[in-house]
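Biologist: Got a minute to walk me through this one? I'd like to start in the middle of the fold and work outwards.

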Amino acid sequence: MKAVVKLGGGLFKRDPDVEALRTMGKALSTFAGEGNQLVTVAGGGQNARVYIDAARKLGADESTCDLIGIGLTRANAELLRLALGGVGVPNIPTHLSELNHLVGVGKVVVLGGLQPGQSTNAVAALAAEITRADFLVNATDVSGVYTADPKKDPKAKLLRSVSVEKLLSWAFAGDVYAGKYELLDPVALKIMQRARIPTRFVSLEDPSNITSALRGRDIGTLVSYT
Ligand SMILES: Nc1ncnc2c1ncn2[C@@H]1O[C@H](COP(=O)(O)OP(=O)(O)OP(=O)(O)O)[C@@H](O)[C@H]1O
Ligand SMILES: [Mg+2]
């Protein structure tokens, strides 16, 4: 199968967790080794947020903050690429147009951010669209999409499925700042919607959640399209 996996900032701690990266690398390289094509996208995590906050305090505009964040996502992508060992392709692409030259069965391409104004969730959606992926897994620091932000509302309930329209209505209600794209930004959702990319949100705490989702297990939250 052809898959895209977005690995959220939860994997890329302030002090990188080498063991967590190694375990994730092993799980993903095993999946690729089973005859699958895989593109992974590294999120920004805490380090990107810290740098963006510092730049903003120093007077940077939002595009500059985004560019700084992109630099950090690429540093995260390099760590992930190393954790993948031999199956990780040597270069982190900086343009979407490079992707189809790099993908292949048994290989894993690692991307960071590409352009200001969009999150790495949008990069993952674009990567899924251009590679005609069968499946996109968005792995984050919570178990899926909830009725409200589970970090703020203890009564929030995990949704087993959610429509892209519902996610869009939430995304449009929020602010769009560098480093503040939470669960999904409107750009990411619009691309998922136009390409109707089968997508599931899962927790990245255990890498087997990701590989199980890729193998078709009903875990986390499935996005539906009407
Ligand atoms: N309805 C919701 N369901 C689930 N999570 C939500 C919801 N609303 C807001 N969130 C927040 O979104 C967070 C996940 O987005 P966040 O941008 O922090 O992580 P990420 O996208 O995995 O990482 P990065 O942006 O660094 O790549 C969750 O930790 C949660 O607090
Ligand atoms: Mg995010």
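Modeller: Sure. One cut-off first: a residue is buried if 20 or more other C-beta atoms lie within 10 Å of its own. Also keep in mind that this is a predicted model.

Biologist: Fine. How many residues of strand β6 are buried?

Modeller: In β6, residues 199-203, 4 of the 5 residues are buried, so the strand is largely enclosed by the rest of the structure.

Biologist: And which way do β4 and β6 pair?

Modeller: In the parallel sense, over 5 bridges. β4 covers residues 135-140. Leu136 stands opposite Thr199 in β6. Val137 stands opposite Arg200.

Biologist: What is the bridge partner of Arg200 in β7?

Modeller: Leu222. β7 is residues 221-224, and β6 pairs with it in the antiparallel sense over 2 bridges.

Biologist: Back to β4. Is it mostly covered or open?

Modeller: Mostly covered. In β4, 5 of the 6 residues are buried.

Biologist: What joins β4 to β1?

Modeller: 5 bridges, and the two strands run parallel. β1 is residues 2-7. Ala3 has Phe135 of β4 as its bridge partner.

Biologist: How many bridges between β1 and β2?

Modeller: 6, again in a parallel pairing, with β2 at residues 37-42. Val4 stands opposite Val39 there.

Biologist: So what is the order of strands in the sheet?

Modeller: β3-β2-β1-β4-β6-β7-β5. It is an open sheet of 7 strands with mixed pairing. β3 (108-111) and β5 (161-163) stand at the edges with a single partner strand each, so one side of each has no neighbour in the sheet.

Biologist: What does the twist average?

Modeller: 20° from one strand to the next.

Biologist: Switching to helices. At what angle do the axes of α6 and α7 cross?

Modeller: At roughly 160°, and the axes come within 9 Å. α6 is residues 164-173 and α7 is residues 186-195. The two helices are therefore roughly antiparallel to each other.

Biologist: Is that crossing left-handed or right-handed?

Modeller: The crossing of α6 and α7 is left-handed.

Biologist: Last topic, the ligand. Which residues are closest to ligand 1?

Modeller: Gly8, Gly9, Gly43, Thr140 and Asp149. In total, 19 residues surround ligand 1.

Biologist: How does that shell divide into nonpolar, polar and charged?

Modeller: The shell around ligand 1 has 7 nonpolar, 8 polar and 4 charged residues.

How values were computed
Residues are numbered from 1 along each chain as its sequence is written. Chains are lettered from A and ligands numbered from 1 in the order in which they are written. This is a predicted model: local features need pLDDT of at least 70, side-chain atom pairs count only at pLDDT 80 or more; totals for chains, interfaces and linings use all residues. A residue is buried if 20 or more other C-beta atoms lie within 10 Å of its own, exposed if 12 or fewer, and partly exposed in between; C-beta atoms are placed from the backbone. Helices (H or I, at least four residues) and strands (E, at least two) are DSSP runs, numbered from the N terminus. Two strands pair if DSSP finds at least two bridges between them. A residue is near a molecule or strand if its C-beta atom, placed from the backbone, lies within 6 Å of it. Ala, Val, Leu, Ile, Met, Phe, Trp, Tyr, Cys and Pro count as nonpolar, Asp, Glu, Lys and Arg as charged, and the others, Gly among them, as polar. Axes are lines fitted to C-alpha atoms, for helices over the stretch in contact, and angles run from 0 to 180 degrees between N-to-C directions. Angles under 35 degrees count as roughly parallel, over 145 as roughly antiparallel, 65 to 115 as roughly perpendicular and the rest as oblique. A crossing is left-handed if the near helix is turned anticlockwise from the far one by less than a right angle, and right-handed if clockwise.
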